[in-house]
Amino acid sequence: MSEKLIIGIADMKMAKGEGMLVTYALGSCIGICLHDPALKLGALVHIMLPLNMETGRKNPMKYADTGIRETLKQMEAKGASRSRITAKIAGGAMMFKDGGSGSLGNIGQRNIESVKLNLKKEGIRLLKEDVGGAVARTLLFDVNSGLGCIRCYGRKELII
């Protein structure tokens, strides 16, 4: 069995050749699987918020814009080619019904929009997604095959 790496909230891990990257508790957060199939290099980022407006940018992985940019930079440092890297995403749920009426609005939806915008800005093709809804997800990503598996309560496993 391949190595299993756990990605925490506002975290990123990468593996090459083989390995299973796993992140839990994707409510309004989004898990972003980035994959270079030629190198079998994969990364999984667990972002919390759409934009990094933090002075000093202490943790770039917490945000969609800086998390995607930093992960791509690290993948390219390991030989990945921007033209081959593809993405799959999961999460962005509305976990609380009144979440849309507050000043922050629906953070899950804002995360989805920011992730898609930033992937496009970076020239990364989004292949598959399982986003929105009102359920938390667990995301497993096999760096060898590039396949993602989404598990959530009360729903059949979904392969993306």
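Select Asp-36 and Ser-81: the side chain of Asp-36 reaches the backbone nitrogen of Ser-81 at 3.0 Å. Add Ala-38, whose backbone nitrogen the Asp-36 side chain reaches at 3.1 Å. A polar contact here is a pair of N or O atoms within 3.5 Å; within protein, one must be able to donate a hydrogen and the other to accept it, and residues adjacent in sequence count only if both atoms are side-chain atoms. This is a predicted model, in which local features need pLDDT of at least 70 and side-chain atom pairs count only at pLDDT 80 or more, while totals for chains, interfaces and linings use all residues. Residues are numbered from 1 along each chain as its sequence is written, and side-chain values use heavy atoms, with hydrogens and water left out.

Stay on Asp-36. This residue is buried, with a relative accessible area of 0% (buried means under 20%). Among the residues Asp-36 touches are Leu-41, Met-75 and Arg-84 (contact means heavy atoms within 4.5 Å).

Next, show strand β4, where Asp-36 lies; strands are DSSP runs of E, at least two residues, numbered from the N terminus. Select 30-36 and 41-47: β4 and β5 run antiparallel, joined by 7 bridges (strands pair if DSSP finds at least two bridges between them). Ile-32 has Val-45 in β5 as its bridge partner.

Widen the selection to the open sheet, five strands in the order β2-β5-β4-β6-β7 with mixed pairing. β2 (11-16) and β7 (125-131) stand at the edges, each with a single partner strand, so one side of each has no neighbour in the sheet.

Finally, select 4-7 and 20-26: β1 and β3 pair in the parallel sense over 4 bridges.

Definitions and conventions
Buried means under 20% relative accessible area, exposed over 50%, partly exposed in between (1.4 Å probe, protein chains only). Lists of a residue's contacts leave out its neighbours within four places in sequence.
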